[in-house]
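Got your viewer open and a cursor ready? Load the model below and we'll walk through it one selection at a time.

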Amino acid sequence: QRRGRAPLNRLTARHVGELVSELAPLFERGRLVDIVGLPPADLVLVFECDAAPSEATAPRSTTRKLGLRISACADAPRLHLEHARTRAHSGPLGPFFRTLEAALLVDKDKAGAPELVRLTQVRGDRIVALELRSGLLEQTHTLLAELTGRHANLFWLGPGDVILAALDASSPRAASGRSWTP
């Protein structure tokens, strides 16, 4: 570690901003088709996205599946595009992963797959917000990733930024029913 600077393996706010600006156009208006919970702190969201204009001329399909990996691991929080299919976790999932699956994937055939409305960096910090909407949700909900080193966390927020679930709910700040504050 260099004196007075962030460790080399940690994301800075500038890095998060660059990642979001590169990833947002790829996932724009993508439809969430799967959630792969990878305990203890990783999550892969699989979206079906429209093909890029250069890919749209391909005769086979006008959509492609893309994975967005979000990790709230204390040692190396991160956000990146998954290039390969992710093997599902064998074993029980924790309450946070189950809550997300219930809110986003149950009855998606009736209500339609949730759509990514916006992927943004919050307040120029190491925080990423994924705003999702579907017929089932009726309102926009947000998956929030705090990629802040040993305090990294994932939150599922309802309207008004009310915390519905947190990956690490041990902090009073992460209690369900409270408003999320950075």
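**Stop one: a sheet edge to edge**

Start by selecting T120, which stands opposite A129 in β6. Before going on, know that this is a predicted model, where local features need pLDDT of at least 70, side-chain atom pairs count only at pLDDT 80 or more, and totals for chains, interfaces and linings use all residues. Residues are numbered from 1 along each chain as its sequence is written, and side-chain values use heavy atoms, with hydrogens and water left out.

Now widen the selection to β5 (115-121) and β6: the two run antiparallel, joined by 6 bridges. Strands pair here if DSSP finds at least two bridges between them. Helices (H or I, at least four residues) and strands (E, at least two) are DSSP runs, numbered from the N terminus. The hairpin of β5 and β6 has 5 residues between the strands, and R123 there takes a positive phi near 55°.

Stay on β6 (127-133) and colour by accessibility: 6 of its 7 residues are buried. Buried is under 20% relative accessible area, exposed is over 50%, and partly exposed is in between (1.4 Å probe, protein chains only). On to E131, whose bridge partner in β7 is T142. β6 and β7 also run antiparallel, with 6 bridges.

**Stop two: the loop after β7**

Select T148, in the loop between β7 (141-146) and β8 (153-157). What does its side chain reach at 3.4 Å? Show the backbone of H151: the backbone oxygen is the partner. Setting aside neighbours within four places in sequence, T148 is in contact (heavy atoms within 4.5 Å) with P77 and R126.

H151 is also a landmark for the second largest pocket, being one of the residues nearest its centre, along with R150, A152, N153 and D168. That pocket has a volume of about 230 Å³ and 16 lining residues, split into 8 nonpolar, 4 polar and 4 charged.

**Stop three: T86 and the largest pocket**

Jump to T86, in the loop between β4 (78-82) and α2 (95-104). Buried or exposed? T86 counts as buried because its relative accessibility is 18%. Its side chain makes a polar contact with the side chain of E82 at 2.9 Å. A polar contact is a pair of N or O atoms within 3.5 Å; within protein, one must be able to donate a hydrogen and the other to accept it, and residues adjacent in sequence count only if both atoms are side-chain atoms.

Draw a C-alpha distance from T86 to V36: 7.6 Å, for residues 50 apart along the chain. Not counting residues up to four places away in sequence, T86 touches V36, L38, V44 and R69.

Now show the largest pocket, about 350 Å³. T86 is among the residues closest to its centre, with D34, V46, K65 and R85, out of 15 that line it. A pocket is an open set of points on a 1 Å grid over the protein atoms alone, where a 1.4 Å probe fits, with protein on both sides within 12 Å along at least five of seven lines; lining residues have an atom within 4 Å of a point. Grid points are joined across faces, edges and corners, and the volume is the space filled by probe spheres set on the points.

Highlight β1 (31-38), β2 (42-50), β3 (63-71) and β4, as each supplies at least two lining residues.

How values were computed. Ala, Val, Leu, Ile, Met, Phe, Trp, Tyr, Cys and Pro count as nonpolar, Asp, Glu, Lys and Arg as charged, and the others, Gly among them, as polar.
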